[in-house]
Amino acid sequence: MDRRPALLALALATCLLPSLAPAATPYRSAQQILETAPDRDWRTPDPANLLYMDLPAGRVIIELAPQFAPRHVANIQTFAHEHFWDGTSIYRSQDNFVVQFGDADADDAAKARPMGSAQKKLPAEFERATAGLKVSPLPDRDGWASRTGFVDGFPVGQDMKDGRTWLAHCYGALGAGRNNEEDSSVGAELYVVTGQSPRQLDRNITVVGRVLKGMELLSALPRGPAPMGFYADPKQRTPITAIRRASDVPAAERTPIQVLRTDSKTFADTVEARRNRVDDFYKRPAGHIDLCNIPVPVR
C-alpha cells in the first residue's frame, strides 16, 4: 500500500501546528533593565564611608572601601573629620591618567599642613585575602588577573592560586599617592583615575575607594604640563572648598544616592546586555567585556 499520501498529509498538518520552540527573549538595553530594577537591588552607602569633595563647580561623591584598605580609610576619615583638606587644591591633572589633590606644600616642612590626629605611618594595603569576600565574577579573560569581578560595587582582580583580591585601577578609582617605598602612603595625598585604566598599578598602590558621582568635575579639568601634569602656576590649581564625611554633614544637606548591588540579578543582566549588544546599531556583538568598561549604576 502506498503510504506517501498519508505521510504528506501528516507533514502538512505538522506545518499548520503552532511552533513549540521557545520564542527568543527580546533584547533589552542596560538602561531598559535598570528602569525596571526592583528597589531591593539598590543599596544606600554608609554615610561614614562617603566623602563629599566640594569644588567651586559642584560636589564630587566618593565611596571608601574599608574592607580592602581599613587603615588608610580610617586615616582618610580622620583627615576629613578634622578638615585637613579644606582650602587645599587639585594641583595635578595629567592627560589620560589622573588628577591628584591634597597639600601642595607637603614636601616643605615649613609650609606643610599639620596632620592632626591622623596616623603618620601606615602599612601598604595593596591587596587582601579573598576569604570572607562575596565576589560576583565576570566570565571573560583578563590580562591583569586570573579572575575579575565586583565586591560591593568595587571592581576587583583576583589571584586564584594565591587567594588574594585587590581593587582595580578603573576609571574613577581613588588611590593613595606614595613615594618609592611601598609603605609611604598615609592617605593625605590622593588621586583619581581620569584616563584609560592604568591596571599596571594594581597591587602596587593602595586603592581606597571610587568616585560615585561628579567625575565630570575632575575629568574635564585643564591638563597640566608634561610629563607629570603638575600645574606650574599655582593659580591653575582647582581650589577645594572642603572634603567632609557625609556622616559629619547634617542630614538635610546630604546628597541622596544609591548604588546598584553588584550581587543582584539586575546587575548581572546589565553586564550581559553590554557584553552582547544586539540593538540596531551593533552588527557584531562582542561577546566579551573588560572589567573597567562596566559602570556600576548610581541613582
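## Before you start

A residue is called buried when its relative accessible area is under 20%, exposed when it is over 50%, and partly exposed in between, using a 1.4 Å probe and protein chains only. This is a predicted model, in which local features need pLDDT of at least 70 and side-chain atom pairs count only at pLDDT 80 or more, while totals for chains, interfaces and linings use all residues. Residues are numbered from 1 along each chain as its sequence is written, and side-chain values use heavy atoms, with hydrogens and water left out.

## Strand 2, a covered strand

Let's begin with strand 2 (residues 50-55). Helices (H or I, at least four residues) and strands (E, at least two) are DSSP runs, numbered from the N terminus. In strand 2, 6 of its 6 residues are buried. Leu50, Tyr52 and Asp54 are buried on one side, and Leu51, Met53 and Leu55 are buried on the other. That pattern is easier to read with one general point in mind: in a regular strand the side chains alternate between the two faces of the sheet.

Strand 2 pairs with two neighbours, where pairing requires at least two bridges found by DSSP. With strand 3 (58-64), strand 2 runs antiparallel over 6 bridges, and a hairpin of 2 residues connects these strands. Here tyrosine 52 stands opposite isoleucine 61. With strand 15, the antiparallel pairing has 4 bridges, and leucine 51 stands opposite arginine 245.

## The sheet around it

Zooming out, 9 strands make an open, antiparallel sheet in the order 14-4-5-12-11-13-3-2-15. Strand 14 (238-239) and strand 15 (242-245) are at the edges with a single partner strand each, so one side of each has no neighbour in the sheet. Helix 3 (residues 70-81) packs on this sheet and touches strands including strand 2, strand 3 and strand 15. Contact here means heavy atoms within 4.5 Å. The direction of helix 3 makes about 120 degrees with that of strand 15; axes are lines fitted to C-alpha atoms, for helices over the stretch in contact, and angles run from 0 to 180 degrees between N-to-C directions.

## Open pockets

On a 1 Å grid over the protein atoms alone, a cavity is a set of points where a 1.4 Å probe fits but cannot get out, while a pocket is an open set with protein on both sides within 12 Å along at least five of seven lines; lining residues have an atom within 4 Å of a point. Grid points are joined across faces, edges and corners, and a volume is the space filled by probe spheres set on the points.

The largest pocket holds about 800 Å³. Its lining has 32 residues, with Tyr91, Gln100, Gly177, Asn179 and Glu189 nearest the centre. By class, these are 16 nonpolar, 7 polar and 9 charged, where Ala, Val, Leu, Ile, Met, Phe, Trp, Tyr, Cys and Pro count as nonpolar, Asp, Glu, Lys and Arg as charged, and the others, Gly among them, as polar. The second largest pocket has about 430 Å³, and strand 13 gives the largest share of its lining, 6 residues.

## Closed cavities

The structure also has 2 cavities of 30 Å³ or more. The largest, of about 50 Å³, has a lining of 7 nonpolar, no polar and 2 charged residues; among them are Phe68, Glu125 and Trp166. The second largest cavity has about 30 Å³ of space, and helix 5 contributes the most to its lining, with 4 residues.
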